[in-house]
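Here are my notes for anyone opening this one for the first time. Have the structure on screen as you read, and take the points in order.

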Amino acid sequence: MMKKMIMVLCICICAFTLVSCSGQQTNESFTLGVNAIITEIDKENKIIATKDSGEEGVLGDGCLIDCSQIPMIYCNYDTQDIVDITFDDLQVGDEIVLTIRNSEIKNLQKKDDNKAKIAVEQLQLGTQRIK
């Protein structure tokens, strides 16, 4: 009887360990502050086309971003006030700052097409024009 209880206890401990380990999420890192410029806006689908604003080379000359589900913010650099903005606040030629998962950047670098679509975690309007 004692051997059966020890065996059941061991099985329960093993099962608990397997279940608790299977739910772990990987902590994927982000690339913060990817600078880009909006080159096109598709208001119907809430998609923007962007290009690198500098020499980083992360986005290249053409990258599509779906803005329908991402948070968008504006930071007034003078006052440090941060406000939420909407897709309608974006304009062609705006400078933006993106937060992107490193895996998305790696996938983008593997693609050959000119207008690859990338998922971003946040968009910040960098152009200082909102009051």
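**Notes on the charged pairs, the fold and the core**

1. Start with the charged pairs: the count of salt bridges comes to 2. Keep in mind that you are looking at a predicted model. As background, side chains of opposite charge can pair when their charged atoms come close.

2. One of them joins aspartate 94 to arginine 129, with 2.4 Å between the closest N and O atoms. This pair ties together distant parts of the chain, 35 residues apart: aspartate 94 sits in the loop between β5 (82-84) and β6, and arginine 129 in the segment after β8. Is aspartate 94 buried or exposed? Aspartate 94 counts as buried, because its relative accessibility is 3% and the cut-off for buried is under 20%. Arginine 129, on the other hand, is partly exposed, at 29% relative accessible area.

3. Glutamate 121 and arginine 101 also form a salt bridge, and here the closest N and O atoms are 3.2 Å apart. Again distant parts of the chain are linked: glutamate 121 lies in the loop between β7 and β8, arginine 101 lies in strand β6, and 20 residues separate them. Glutamate 121 is partly exposed at 31% relative accessibility, and arginine 101 is partly exposed too, with a relative accessible area of 27%.

4. Now step back to the whole protein. You should find 2 helices and 8 strands, running along the sequence as α-β-β-β-β-β-β-α-β-β. Among contacts with a separation of 6 or more, 63% are between residues 24 or more positions apart.

5. How much of the protein is buried? Of its 131 residues, 30% are. The exposed area is about 9,000 Å², and carbon and sulfur atoms supply 54% of that.

6. The largest nonpolar core has 26 residues, and the members touching the most others are Ile48, Leu59, Leu90, Leu98 and Leu123. At least two core residues come from each of β1 (30-42), β3 (63-66), β4 (72-75), β6 (95-101), α2 (102-110), β7 (116-118) and β8 (122-125). In soluble globular proteins generally, nonpolar side chains tend to be buried together.

7. Finally, zoom in on leucine 90. Which residues does leucine 90 contact, leaving aside neighbours within four places in sequence? The list is Ile38, Ile41, Ile48, Met72, Ile85, Leu123, Leu125 and Arg129. Two names there, Ile48 and Leu123, also appear among the core members that touch the most others. Arg129 takes you back to point 2, where arginine 129 pairs with aspartate 94.

Key
Residues are numbered from 1 along each chain as its sequence is written. This is a predicted model: local features need pLDDT of at least 70, side-chain atom pairs count only at pLDDT 80 or more; totals for chains, interfaces and linings use all residues. Side-chain values use heavy atoms; hydrogens and water are left out. Helices (H or I, at least four residues) and strands (E, at least two) are DSSP runs, numbered from the N terminus. Buried means under 20% relative accessible area, exposed over 50%, partly exposed in between (1.4 Å probe, protein chains only). Contact means heavy atoms within 4.5 Å. Accessible areas come from the Shrake-Rupley method with a 1.4 Å probe; for residues, only the protein chains shown count as cover. A nonpolar core is a set of buried Ala, Val, Leu, Ile, Met, Phe, Trp, Tyr and Cys residues joined through side-chain atoms within 4.5 Å. A salt bridge is a side-chain nitrogen of Lys or Arg within 4 Å of a carboxyl oxygen of Asp or Glu.
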